[in-house]
Amino acid sequence: MSKAFTRETDPEDDDLPSAPPLAPDGKNYITRGGYERLRAELMNLIDNERPRIVDIVHWAASNGDRSENGDYLYGKKRLREIDRRIRFLTGRLEIAEVVNPSLHHGSDQVFFGATVVYLDGEGRETQVTILGVDEADTSQGQISWISPVARALIKAREGDVVRLVLPDGPQELEVLSVSYPAGTGSA
(Lines give C-alpha, C1' and ligand atoms only; values in the text may rest on other atoms or scores of the structure.)
Protein backbone atom coordinates (compact mmCIF):
# COMPACT_ATOMS: atom_id res chain seq x y z
CA MET A 1 0.00 0.00 0.00
CA SER A 2 1.28 3.44 -0.83
CA LYS A 3 2.13 5.95 1.88
CA ALA A 4 -0.66 8.18 0.55
CA PHE A 5 -3.33 5.90 1.98
CA THR A 6 -2.02 5.51 5.51
CA ARG A 7 -3.75 7.04 8.49
CA GLU A 8 -2.30 10.43 9.32
CA THR A 9 -3.62 10.71 12.88
CA ASP A 10 -1.46 9.52 15.72
CA PRO A 11 -2.56 6.63 17.92
CA GLU A 12 -1.45 8.90 20.78
CA ASP A 13 -4.41 11.17 19.99
CA ASP A 14 -6.74 8.58 21.50
CA ASP A 15 -4.85 8.75 24.79
CA LEU A 16 -5.46 12.47 25.30
CA PRO A 17 -7.55 13.42 28.33
CA SER A 18 -11.17 14.14 27.62
CA ALA A 19 -12.75 17.50 28.27
CA PRO A 20 -14.12 18.21 31.72
CA PRO A 21 -17.74 17.09 31.78
CA LEU A 22 -20.55 19.59 31.75
CA ALA A 23 -23.58 19.48 33.99
CA PRO A 24 -26.23 16.93 33.01
CA ASP A 25 -28.48 19.76 31.80
CA GLY A 26 -25.69 21.04 29.50
CA LYS A 27 -25.20 24.35 31.31
CA ASN A 28 -21.71 25.84 31.17
CA TYR A 29 -21.61 28.59 33.79
CA ILE A 30 -18.46 30.68 33.82
CA THR A 31 -17.31 33.98 35.31
CA ARG A 32 -16.47 36.95 33.07
CA GLY A 33 -12.77 36.50 33.91
CA GLY A 34 -12.86 32.81 33.02
CA TYR A 35 -14.66 33.56 29.76
CA GLU A 36 -12.09 36.21 28.83
CA ARG A 37 -9.17 33.84 29.60
CA LEU A 38 -10.65 31.10 27.38
CA ARG A 39 -11.38 33.62 24.62
CA ALA A 40 -7.83 35.04 24.84
CA GLU A 41 -6.42 31.51 24.56
CA LEU A 42 -8.62 30.85 21.51
CA MET A 43 -7.60 34.10 19.80
CA ASN A 44 -3.91 33.41 20.52
CA LEU A 45 -4.19 29.95 18.97
CA ILE A 46 -5.97 31.30 15.88
CA ASP A 47 -3.98 34.49 15.37
CA ASN A 48 -0.48 33.51 16.52
CA GLU A 49 0.23 29.86 17.29
CA ARG A 50 -1.50 28.18 14.34
CA PRO A 51 -0.06 30.50 11.63
CA ARG A 52 3.42 30.07 13.13
CA ILE A 53 3.17 26.26 13.02
CA VAL A 54 1.68 26.36 9.49
CA ASP A 55 4.75 28.34 8.37
CA ILE A 56 7.07 25.76 9.97
CA VAL A 57 5.22 22.87 8.33
CA HIS A 58 5.27 24.64 4.97
CA TRP A 59 9.02 25.27 5.26
CA ALA A 60 9.67 21.68 6.40
CA ALA A 61 7.57 20.25 3.55
CA SER A 62 9.56 22.25 1.02
CA ASN A 63 12.73 20.47 2.20
CA GLY A 64 11.75 17.27 0.44
CA ASP A 65 11.38 13.85 2.08
CA ARG A 66 8.71 14.17 4.73
CA SER A 67 8.95 10.67 6.19
CA GLU A 68 12.06 11.46 8.25
CA ASN A 69 11.58 15.20 8.57
CA GLY A 70 11.18 15.93 12.30
CA ASP A 71 10.02 19.52 11.80
CA TYR A 72 7.32 18.35 9.40
CA LEU A 73 6.15 15.41 11.55
CA TYR A 74 6.14 17.41 14.80
CA GLY A 75 4.49 20.38 13.07
CA LYS A 76 1.64 18.25 11.69
CA LYS A 77 1.09 16.71 15.12
CA ARG A 78 1.12 20.14 16.77
CA LEU A 79 -1.38 21.43 14.19
CA ARG A 80 -3.76 18.60 15.07
CA GLU A 81 -3.42 19.49 18.77
CA ILE A 82 -4.07 23.17 18.07
CA ASP A 83 -7.07 22.43 15.86
CA ARG A 84 -8.52 20.10 18.52
CA ARG A 85 -8.11 22.81 21.19
CA ILE A 86 -9.67 25.44 18.90
CA ARG A 87 -12.71 23.21 18.35
CA PHE A 88 -12.99 22.56 22.09
CA LEU A 89 -12.71 26.24 23.06
CA THR A 90 -15.11 27.35 20.34
CA GLY A 91 -17.70 24.82 21.47
CA ARG A 92 -17.35 25.71 25.14
CA LEU A 93 -17.51 29.45 24.54
CA GLU A 94 -20.62 29.07 22.35
CA ILE A 95 -22.57 27.45 25.20
CA ALA A 96 -21.03 29.49 28.03
CA GLU A 97 -23.38 31.38 30.32
CA VAL A 98 -21.44 34.23 31.92
CA VAL A 99 -22.45 34.74 35.55
CA ASN A 100 -21.48 37.68 37.72
CA PRO A 101 -20.81 36.42 41.28
CA SER A 102 -20.66 39.99 42.64
CA LEU A 103 -24.46 40.18 42.27
CA HIS A 104 -24.57 38.13 45.51
CA HIS A 105 -22.05 40.35 47.34
CA GLY A 106 -23.08 40.58 50.98
CA SER A 107 -25.21 37.42 50.86
CA ASP A 108 -24.59 34.59 53.30
CA GLN A 109 -26.01 31.95 50.95
CA VAL A 110 -23.81 29.83 48.66
CA PHE A 111 -24.26 30.26 44.91
CA PHE A 112 -21.98 30.11 41.87
CA GLY A 113 -18.88 32.25 42.44
CA ALA A 114 -18.95 32.07 46.23
CA THR A 115 -15.84 31.65 48.30
CA VAL A 116 -16.81 29.29 51.11
CA VAL A 117 -14.94 28.34 54.26
CA TYR A 118 -16.22 25.09 55.74
CA LEU A 119 -15.28 22.65 58.48
CA ASP A 120 -15.28 18.97 57.58
CA GLY A 121 -16.07 15.99 59.84
CA GLU A 122 -12.42 15.63 60.84
CA GLY A 123 -12.14 19.24 62.01
CA ARG A 124 -10.21 20.55 58.97
CA GLU A 125 -11.06 24.03 57.79
CA THR A 126 -11.09 24.38 54.00
CA GLN A 127 -11.65 27.36 51.73
CA VAL A 128 -12.95 26.86 48.21
CA THR A 129 -14.25 29.12 45.45
CA ILE A 130 -17.03 27.67 43.30
CA LEU A 131 -16.36 28.38 39.61
CA GLY A 132 -17.08 27.04 36.14
CA VAL A 133 -15.97 23.65 34.87
CA ASP A 134 -13.44 25.17 32.46
CA GLU A 135 -11.93 27.67 34.89
CA ALA A 136 -11.69 25.83 38.23
CA ASP A 137 -8.17 24.99 39.40
CA THR A 138 -8.08 22.74 42.47
CA SER A 139 -4.48 23.71 43.21
CA GLN A 140 -5.78 27.27 43.74
CA GLY A 141 -8.66 26.20 45.99
CA GLN A 142 -11.18 26.48 43.16
CA ILE A 143 -13.77 23.78 42.51
CA SER A 144 -16.24 23.22 39.71
CA TRP A 145 -19.87 24.05 40.48
CA ILE A 146 -20.80 20.48 39.50
CA SER A 147 -18.31 18.84 41.89
CA PRO A 148 -19.78 16.85 44.80
CA VAL A 149 -18.53 19.36 47.39
CA ALA A 150 -19.99 22.33 45.49
CA ARG A 151 -23.31 20.55 44.96
CA ALA A 152 -23.50 19.88 48.71
CA LEU A 153 -22.68 23.52 49.55
CA ILE A 154 -24.88 25.32 47.00
CA LYS A 155 -27.90 27.05 48.60
CA ALA A 156 -26.54 26.48 52.12
CA ARG A 157 -26.07 29.49 54.41
CA GLU A 158 -23.44 30.43 56.95
CA GLY A 159 -23.89 28.17 59.99
CA ASP A 160 -25.65 25.40 58.05
CA VAL A 161 -24.43 21.81 58.21
CA VAL A 162 -24.70 19.99 54.89
CA ARG A 163 -24.27 16.35 54.03
CA LEU A 164 -21.65 15.31 51.48
CA VAL A 165 -22.02 11.76 50.19
CA LEU A 166 -18.64 10.12 49.52
CA PRO A 167 -17.76 6.59 48.36
CA ASP A 168 -16.55 5.73 51.87
CA GLY A 169 -19.67 7.15 53.51
CA PRO A 170 -21.41 10.43 54.17
CA GLN A 171 -19.61 13.36 55.76
CA GLU A 172 -20.98 16.53 57.31
CA LEU A 173 -19.64 19.94 56.35
CA GLU A 174 -20.32 23.05 58.45
CA VAL A 175 -20.42 26.29 56.47
CA LEU A 176 -18.36 28.84 58.42
CA SER A 177 -18.37 31.79 56.00
CA VAL A 178 -19.57 32.79 52.55
CA SER A 179 -18.20 35.70 50.54
CA TYR A 180 -18.43 37.10 47.04
CA PRO A 181 -16.23 39.56 45.16
CA ALA A 182 -17.38 43.16 45.25
CA GLY A 183 -18.25 44.48 41.83
CA THR A 184 -20.40 46.65 39.67
CA GLY A 185 -23.36 44.29 39.68
CA SER A 186 -23.55 43.82 35.91
CA ALA A 187 -22.78 40.64 34.02
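Biologist: Which backbone nitrogen does the side chain of Asp 120 reach at 2.9 Å?
Modeller: This is a predicted model, and in it Asp 120 sits in the loop between β3 (115-119) and β4. Its side chain makes two contacts to the backbone there: one goes to the nitrogen of Glu 122 at 3.0 Å. The other, at 2.9 Å, goes to the backbone nitrogen of Arg 124.

Biologist: Is Asp 120 buried or exposed?
Modeller: Let's start with its company: leaving out residues up to four places away in sequence, Asp 120 touches Gln 171, Glu 172 and Leu 173. Its relative accessibility is 9%. Buried means under 20%, so with 9% Asp 120 counts as buried.

Biologist: Which residue in the turn between β3 and β4 has a positive phi?
Modeller: Five bridges join these two strands, and they run antiparallel. Across the pair, Val 116 stands opposite Val 128 in β4. The two strands form a hairpin with five residues between them, and the turn residue with a positive phi, about 85 degrees, is Gly 123.

Biologist: Which residue in β5 is the bridge partner of Leu 131?
Modeller: Strand β4 covers residues 125-131, and three bridges join it to β5, with the two running parallel. One partnership is Thr 129 with Gln 142 in β5. For Leu 131, the partner in β5 is Ser 144.

Biologist: What is the strand order of the open sheet?
Modeller: The sheet has five strands with mixed pairing. We have already met both kinds, since β3 and β4 run antiparallel while β4 and β5 run parallel. Written from one side to the other, the order is β5-β4-β3-β7-β6.

Biologist: Which are the edge strands of this sheet?
Modeller: The order β5-β4-β3-β7-β6 describes an open sheet. The edge strands each pair on one side only, and they are β5 (142-144) and β6 (161-166).

Biologist: What does the twist average from one strand to the next?
Modeller: Here we stay with the open sheet of five strands. Going from one strand to the next, the twist averages 45 degrees.

Biologist: How many salt bridges does a search of the whole structure find?
Modeller: A little background helps: side chains of opposite charge can pair when their charged atoms come close. Searching the whole structure for such salt bridges gives a count of eleven.

Biologist: How many residues apart in sequence are the parts that Asp 83 and Arg 50 tie together?
Modeller: These two form a salt bridge, with their closest N and O atoms 2.6 Å apart. Asp 83 counts as partly exposed at 23% relative accessibility, and Arg 50 is also partly exposed, at 29%. Asp 83 belongs to helix α2 (residues 70-95) and Arg 50 to helix α1 (residues 32-61), so the parts they tie together lie apart in sequence by 33 residues.

Biologist: What separates Arg 78 and Glu 81 within helix α2?
Modeller: Their side chains meet in a salt bridge at 3.3 Å, N to O, and Glu 81 counts as partly exposed at 29% relative accessibility. The two residues are three apart in helix α2, so their separation is about one helical turn.

Biologist: Where does Asp 134, the salt-bridge partner of Arg 92, lie?
Modeller: The closest N and O atoms of Arg 92 and Asp 134 are 2.5 Å apart. Arg 92 is buried at 9% relative accessible area, and Asp 134 is buried at 18%. Arg 92 is in helix α2, so the pair ties together parts 42 residues apart in sequence, with Asp 134 in the loop between β4 and β5.

Biologist: Which residues do salt bridges that share partners join into one network?
Modeller: We have already seen one pair among them, Arg 78 with Glu 81. Shared partners bring the network to Glu 49, Arg 52, Arg 78 and Glu 81.

Biologist: What distance separates the C-alpha atoms of Gly 34 and Glu 135?
Modeller: Gly 34 has its place in helix α1, and at 2% relative accessibility it counts as buried. Along the chain, Gly 34 and Glu 135 are 101 residues apart, yet their C-alpha atoms are separated by 5.5 Å.

Biologist: Over which residues does pLDDT stay under 50?
Modeller: For the protein, the mean pLDDT is 86, and 84% of the residues reach 70 or more. One stretch, with seven contacts beyond four places in sequence, stays under 50: residues 10-17.

Notes: Residues are numbered from 1 along each chain as its sequence is written. This is a predicted model: local features need pLDDT of at least 70, side-chain atom pairs count only at pLDDT 80 or more; totals for chains, interfaces and linings use all residues. Side-chain values use heavy atoms; hydrogens and water are left out. Two strands pair if DSSP finds at least two bridges between them. Helices (H or I, at least four residues) and strands (E, at least two) are DSSP runs, numbered from the N terminus. Axes are lines fitted to C-alpha atoms, for helices over the stretch in contact, and angles run from 0 to 180 degrees between N-to-C directions. A salt bridge is a side-chain nitrogen of Lys or Arg within 4 Å of a carboxyl oxygen of Asp or Glu. Buried means under 20% relative accessible area, exposed over 50%, partly exposed in between (1.4 Å probe, protein chains only). A polar contact is a pair of N or O atoms within 3.5 Å; within protein, one must be able to donate a hydrogen and the other to accept it, and residues adjacent in sequence count only if both atoms are side-chain atoms. Contact means heavy atoms within 4.5 Å. pLDDT is the predictor's confidence in each residue, from 0 to 100.
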